[in-house]
Amino acid sequence: MGLSKTFSESDVSLHSTTSYILTSPAKYKMPENSMPEDMAFQMIDDELRLDADPRLNLASFVTTSMEDKAKRLIMESLDKNYVDMDEYPATTDLQNRCVNMIAHLFNAPLKDGEAATGTGTVGSSEAIMLAGLAFKRKWQNKMKAIGKPYDKPNIVTGANVQVCWEKFARYFEVELKKVKVREDYYVMDPVKAVEMVDENTICVAAILGSTYNGEFEDVKLLNDLLMEKNKQTGWDTPIHVDAASGGFIAPFLYPDLEWDFRLPLVKSINASGHKYGLVYAGIGWIVWRSKQDLPEDLIFHINYLGADQPTFTLNFSKGSSQVLAQYYQLIRLGFEGYHEIMENCHYLAMVVKEGVEKTGQFKILSKDIGVPVVAFSLKDRIRYDEFKVSEGLRRHQFIVPAYHMPADAKHVALLRVVIRGDFSRTRAEYLLSSINAVLKELDELHPVAAIQENGHHKLSLNGVANGNGELPPAAAVENCHHKVSANGAAYGNGGTDTENGQMTDGAKCY
């Protein structure tokens, strides 16, 4: 690509550093004039340096490190459009090999040499859309054949589902029937899920690795209960497993756990290659149990790129890079390599869990069997909450999200640390020291500084205590007859600063 306008060496040297840029970068309109490539690069690079370090982003499940040879393959294939299967047959073949390997990893009932049914996607969101469409079309075809209404399909799943399920339901007009979670049970209850199944249920969606706390749902129990209900009703309600996070973990760490195609009602599974498949963002996979589980009328055949090409995706043009990177990881690491990496992740999750427990201030909400995630909430939220802890950890460069559980357990707030393949013991120890430092900082900012004398509250200028010696947030006290200092500390005898509970600067009665 060339530019009609050329630049002299003096132009480039003059503008190659941002110290010579006196105008703000374009934000709304394309600039009228061109600029030297070094200048364009420097402007963007300077802005990107304000982003956090992806390796310290412990909120994300997405891979943040790959080997140099994998990066080279990615760079060398950036110009290949994956959809041009006739022009790039080798790329297409590598994608099909990935589908076959992943299907076998999930114990698909394939004969020797039989090709698996599936496709690469941009991520698990697209994969779930495709799976949902397949279930909806199969259900509609069945209902039409027996002369029953087919305009009110529904999916049963837990309230802990990722937002892509809600998108599917809204975009494709399917009712989402959510099984409520409850305190200390933050995933879908299989018993309640099966109770919600009716004749219009196109599938029950189980999650192998909840976004909230990494927990695996009991797919085996769900399958057994649903088989019994199908037998009683004559229905054939199937199961989809959303294994976005757990699909590349369970086969290596928990090979005896039955969650996949070993269960007869599991008809499709999605997994994110860009999570524990160990590929950079932009690749997911969807595989079906058999060809019969993907309705033929959803598959398009095109020939205007040079040959007949079957396609069942929501996207058309997309890069080949992540497909090739996935194949690289599968053959480079093999079962042995994936097992070792996932084992390391689990070990480091246990290190972090034990360190968090040693603080004495947190309750662990994640499970030892599941995605290598450590989810935890404060035992005592009187003086500060999880959001303050998260904010403090950002000052130590770590991004550790704080959030609430789904409806019906929304009063539970928690923090979550995701352990990825590039996590190390050194990083784990630094994280734990940072957590302890933040807790110390918060304790010093919000001390319990009360002494009870003769039934009256004597308080420091830093806070206010109730009868138990605890410090309520914002210096709030139960008895509204208190005197409040300028910083919100209330005194037990009432006085001239405020009377009858008229408090200032953040103190209030409750």
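This briefing covers model confidence, one sheet and the largest pocket.

This is a predicted model, in which local features need pLDDT of at least 70, side-chain atom pairs count only at pLDDT 80 or more, and totals for chains, interfaces and linings use all residues. Residues are numbered from 1 along each chain as its sequence is written, and side-chain values use heavy atoms, with hydrogens and water left out.

**Confidence**
- The chain averages a pLDDT (the predictor's confidence in each residue, from 0 to 100) of 86, and 82% of the residues score at least 70.
- Over residues 450–510 the pLDDT is below 50.
- Where pLDDT is low, the predicted coordinates should not be read in detail.

**Sheet**
- An open antiparallel sheet has 4 strands (E runs in DSSP of at least two residues, numbered from the N terminus) in the order β10-β11-β13-β12.
- Its edge strands, β10 (362–364) and β12 (402–404), each pair on one side only; pairing requires at least two DSSP bridges between two strands.
- β12 pairs with β13 (residues 413–418) over 3 bridges, and Ala402 has Leu415 in β13 as its bridge partner.

**Largest pocket**
- A pocket is an open set of points on a 1 Å grid over the protein atoms alone, where a 1.4 Å probe fits, with protein on both sides within 12 Å along at least five of seven lines; lining residues have an atom within 4 Å of a point.
- The largest pocket is lined by 30 residues, and Asn96, Gly118, Thr119, Pro310 and Thr311 lie nearest its centre.
- β1 (117–121) and β9 (309–311) are among the elements giving two or more residues to this lining.

Methods
Contact = heavy atoms within 4.5 Å.
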